[in-house]
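Me: Please take a close look at the salt bridges in this structure, with attention to which side chains pair and how exposed they are. I would also like to know how far the coordinates can be trusted, and what can be said about enclosed space.

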Amino acid sequence: MIRLKTLTQGALRDLLQCEELFRLKRLARLRSPEFSPPLVAGSSVHIGIEKRSATAAMTHYMDSMGGLFLHGDEEWEAQMGSQRVFAMVEAALNRWGDDWPDEQEVEFGLDFINPATGGRSPRHVYRGVIDGYPGPGGSGGWVNVLGEWKTAASPGDAYFDRLRIDWQVSAYCEAASRIQGQPVREVRYRVIQKPTIRPSRGEDEATYRARCAERKPLAPLKQRKTETDEQYAARSEAREAKRPPLKRKVRDTRNSYLDRLRRWYGGHGVGEEIRTDRLTEVRVTRTEEQMERWRFEAWELHRRALEVERAHNSAEAGEPLPSVPIRNDSRCNLYGVRCAFLSLCSGLVGPEAYRVIPTPYPELRDGDHFTDTRLERN
């Protein structure tokens, strides 16, 4: 029988998006057999910012992707990914300099409290990690202000609009308020845009020759009134012959790709400005009314997680189901990314196609076991 002790932001996001996703990922503990480079990149960027080191981010990425055991194209792919996280962290450190809070990656545990009665849930604890925490008294622009660092593909207006009701922002404000013993209602939200440029794979000789052969001619010249057809053809041929040959595409190296990434973020050439549109900060605040609404939502999410857990355990035991986890087909292809469990939900494969991990929360140091690091539970 599965009895979760912990609910994290990732787990609650899964629950909000699709209850079946939450069940498969957090209760059945199924995972795709393949690595997820975007997830590895995200954690690597956080480590790089925490340590103020782009090299630390790059090293973590390569280690996580199994760099010592990779060869050929797999090794090249991992190296290019490592340069992406290096460039992202380097750009963030250039953009914000030493303007960071006293403490980072602060883990906390937060009870689910019934706002109607004040009673605490005996089953679940909400756990998370605050990216930036002001520490005792705070300093500079971090007095009673939290920090959150994100990477995003295209952080436009729609991305920032949702922060007005973002569940995680409210949860972290609640946790920090209980830690500090006074209301914390502001988060400095920093977003690093993921580079849109991709590394060049180059091309072999045969591909290059074929591309040259398929090259389209220049647009036809306008024939002069005084020239014959033969003169016009000769002039056209001469112009075509003077065209510079196509350059053969060269495979990117770590250095050549990093140079292009640095130019994309800006701030590396003489007089070159950092692209602040690609490194954005917004300040997100919460009112007391918003926090009260969040407390009711948190309790309801906790209750729904219990229902999905009971349904899962009943199915595992072959008992009648008290309820069924609701599937959300809009999550099957979210932002163009196919859900890892779509084939399982569609009946194309069985659970044996996935690996089972020992803990539903590999990102937490102690898995699903609660250990207070910041918040007294009284």
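Reply: What follows deals with confidence, then with the salt bridges, and last with enclosed space.

The model is a predicted one, and the protein chain has an average pLDDT of 89, with 94% of the residues scoring at least 70. Among the elements of the chain, the highest mean pLDDT, 96, belongs to strand 6 (residues 186–193), while the lowest, 86, belongs to strand 9 (residues 337–338). A separate caution applies to residues 370–378, where pLDDT stays under 50 and for which the model has 22 contacts beyond four places in sequence. Where pLDDT is low, the predicted coordinates should not be read in detail.

Turning to the salt bridges, a search of the whole structure finds 32 of them. Side chains of opposite charge can pair when their charged atoms come close. One such pair is Arg209 with Glu205, whose closest N and O atoms are 2.9 Å apart; these two residues are four apart in helix 8 (residues 205–213), and so they are separated by about one helical turn. Arg209 counts as exposed because its relative accessibility is 57%, whereas Glu205, with a relative accessible area of 33%, is partly exposed.

A second pair within a helix is formed by Arg295 and Glu292, which meet in a salt bridge at 3.0 Å, N to O. Both residues lie in helix 11 (residues 288–316), three residues apart, which is about one turn of the helix. Here Arg295 counts as partly exposed at 22% relative accessibility, a value to be read with the limit of 20% in mind, under which a residue counts as buried. Glu292 is likewise partly exposed, at 35%.

Arg243 and Glu240 also join their side chains in a salt bridge, at 2.6 Å from N to O, and Glu240 is partly exposed, with a relative accessible area of 30%. Beyond these pairs, salt bridges link Asp99, Arg188, Arg190 and Glu281 in a network.

As for enclosed space, the structure holds one cavity of 30 Å³ or more, and the largest cavity has a volume of about 50 Å³. Its lining consists of Leu146, Gly147, Glu148, Asp166, Gln168, Val169, Tyr172, Val187 and Tyr189. Strand 5 (146–152), helix 7 (167–180) and strand 6 are the elements that give two or more residues to this lining. By class, five of the lining residues are nonpolar, two are polar and two are charged.

Conventions:
Residues numbered from 1 in each chain as written. Predicted model: local features only at pLDDT ≥ 70, side-chain atom pairs only at ≥ 80, totals over all residues. Heavy atoms only, no water. pLDDT = per-residue confidence, 0-100. Contact = heavy atoms within 4.5 Å. Salt bridge = Lys/Arg side-chain N within 4 Å of Asp/Glu carboxyl O. Buried < 20%, exposed > 50% of the residue type's maximum accessible area, 1.4 Å probe, protein only. 1 Å grid on protein atoms, 1.4 Å probe; cavity = no way out; pocket = protein on both sides within 12 Å on 5 of 7 lines; lining within 4 Å. Points joined across faces, edges and corners; volume = space filled by probe spheres on them. Nonpolar A, V, L, I, M, F, W, Y, C, P; charged D, E, K, R; others polar.
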